[in-house]
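I opened a fresh page for this chain. My plan is to look things up one by one and write down what I find.

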Amino acid sequence: MQWSLQPSAVFAASPVVPVMVIKNLDDALPMAQALSAGGINVFEITLRSGAALDAIRLISQAMPEALVGAGTVISPQQYDAARDAGAKFIISPGATVSLLKHAVQGDVPLMPGTSTPSEMMTALELGYDHLKFFPAEANGGASALKAISAPLPQLTFCPTGGIGLKNVAQYLALDCVATVGGSWMLPNEAIAAGNWEEVTRLSKEAVAFVAGLRR
C-alpha cells in the first residue's frame, strides 16, 4: 500500500469522528468550523447527498489543517471521486473485494466497514487492519465486538452506528477500539436552525467526556 497517510494516524487523530451528512452546501463550512471549535478536527463527510463532494472540496481548501475524509463510499468510482475532491481518507459501510483491491492501489487510506468475522478476515487477507465496525449497536454492540475481535487481535476498529454518550464508554474500554464514529454532536434540529453554537457545545462535551475516560 502506497498510502500517504496511514489509517492508524486517522484513528489516532480524534477520539470521536463525526459522521456528517451535508445536504446543503452552505452548511458545510459552518458545520466543520463548529466541530473544530469544539475540539474535533477529523471529519467524515458521507456521500449520501449531492453536496457531499463539493463539501469535501470546500472544507479541504478552507481548513487545510483538518483531516477531511469521505464516508459511505461503496465503489471504486466513488473512491476516486472522493480522493479527487480532496478527501484524505475513505470510509465504507461494507467491504466488497473490488473496492478493497482498488483502494490498495490508491494513495489515500480506506477503512472498510465490517460486521462479521468472515468480512474482517477477508479485509485482513487483503492488507487491511484498521476497520469500521458497522452498524455497531445493531450488530450486538460493544459486547459483540469484544467477542468477535478476541481471535483477531491484529485488528483495530472504529465502531459506528448508534453510538452516543450513553454507550461510548463501553466501546472505548475495548483494547481493539481506537476511536468511534457518531453523529450525536450534530442533531438535525441544530443544523436546520443553523445553531452552530450548539454543535460546538456538544462537541466540547464529547471531547471532554472521552478525555475523562482515558485518564
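**Entry 1: aromatic rings.** I start with a rule: rings of Phe, Tyr and Trp (its six-membered ring) count as a pair if their centres lie within 6.5 Å. I also note that this is a predicted model. How many aromatic pairs does the structure hold? I found one. The partners are W3 and Y128, with ring centres 5.8 Å apart. Their planes meet at 50°. Planes under 30 degrees apart would count as stacked and over 60 as edge-to-face, so this pair is tilted.

Next I asked where the two rings sit in the chain. W3 is in the segment before α1 (7–13). Y128 is in the loop between α6 and β7. The pair therefore ties together parts that are 125 residues apart in sequence. Are the two residues buried or exposed? W3 is buried, at 7% relative accessible area. Y128 is buried too, at 2%.

**Entry 2: the sheet of three strands.** I moved on to β7, which follows the loop that holds Y128. Strand β7 belongs to an open sheet of three strands. What is the strand order? I read β6-β7-β8, with parallel pairing. The edge strands are β6 (113–114) and β8 (156–159), and each pairs on one side only.

I then checked the bridges. Two of them join β6 to β7. There, T114 has F133 in β7 as its bridge partner. On the other pairing, β7 (residues 130–133) and β8 share four bridges. H130 is partnered with T156 in β8.

A reminder for myself: in a regular strand the side chains alternate between the two faces of the sheet. Which residues of β7 lie on which side? I noted H130 and K132 on one side, and L131 and F133 on the other. These residues are all buried, and both faces of β7 are covered.

Helix α6 (residues 117–125) lies across β6, β7 and β8. The helix runs at about 155° to β7.

**Entry 3: around T160.** I looked up T160 in the loop between β8 and α8 (168–172). T160 is buried, with a relative accessible area of 6%. Which residues does T160 contact, leaving aside its neighbours within four places in sequence? My list reads V19, K132, F133, F134, P135, A136 and G181.

Two items on that list led me further. K132 lies over the face of F134, at 4.5 Å from the ring centre. F134 is also joined to P135 by a cis peptide bond, with omega about -15°. P135 is in the loop between β7 and α7 (141–149).

**Entry 4: cysteines.** How many disulfides are there? The count is zero. I checked C158, and its nearest cysteine sulfur, that of C176, is 11 Å away. A disulfide needs sulfur atoms within 2.5 Å, so the sulfur of C176 is too far from that of C158 for a bond. C158 is buried, at 6% relative accessible area. C176 counts as buried as well, at 11%.

**Entry 5: the sheet of six strands.** I went on to another open sheet, formed by six strands. Its order is β5-β4-β3-β2-β1-β9, and the pairing is parallel. Which strands stand at the edges? They are β5 (110–111) and β9 (180–182). Each has a single partner strand, so one side of each is left without a neighbour in the sheet.

Inside this sheet I picked β2 (residues 42–46), which five bridges join to β3. E44 stands opposite G69 in β3. Helix α3 (residues 52–62) lies across β1 (16–20), β2 and β3. I read its angle to β2 as about 160°.

After β3 I stopped at T72, in the loop between β3 (67–71) and α4 (76–85). Its phi is near 55°, a positive value in a residue other than glycine.

**Entry 6: one last residue.** I finished with A208, in helix α10 (residues 196–213). A208 counts as partly exposed, at 48% relative accessibility. Its C-alpha atom is separated from that of V168 by 13 Å. The two residues are 40 residues apart along the chain.

Conventions. Residues numbered from 1 in each chain as written. Predicted model: local features only at pLDDT ≥ 70, side-chain atom pairs only at ≥ 80, totals over all residues. Heavy atoms only, no water. Pairing = 2+ DSSP bridges. Helix = DSSP H or I, 4+ residues; strand = E, 2+ residues; numbered from the N terminus. Contact = heavy atoms within 4.5 Å. Axes fitted to C-alpha atoms, helices over the stretch in contact; angles between N-to-C directions. Buried < 20%, exposed > 50% of the residue type's maximum accessible area, 1.4 Å probe, protein only. Lys NZ or Arg CZ within 6 Å of the ring centre and 35° of its normal.
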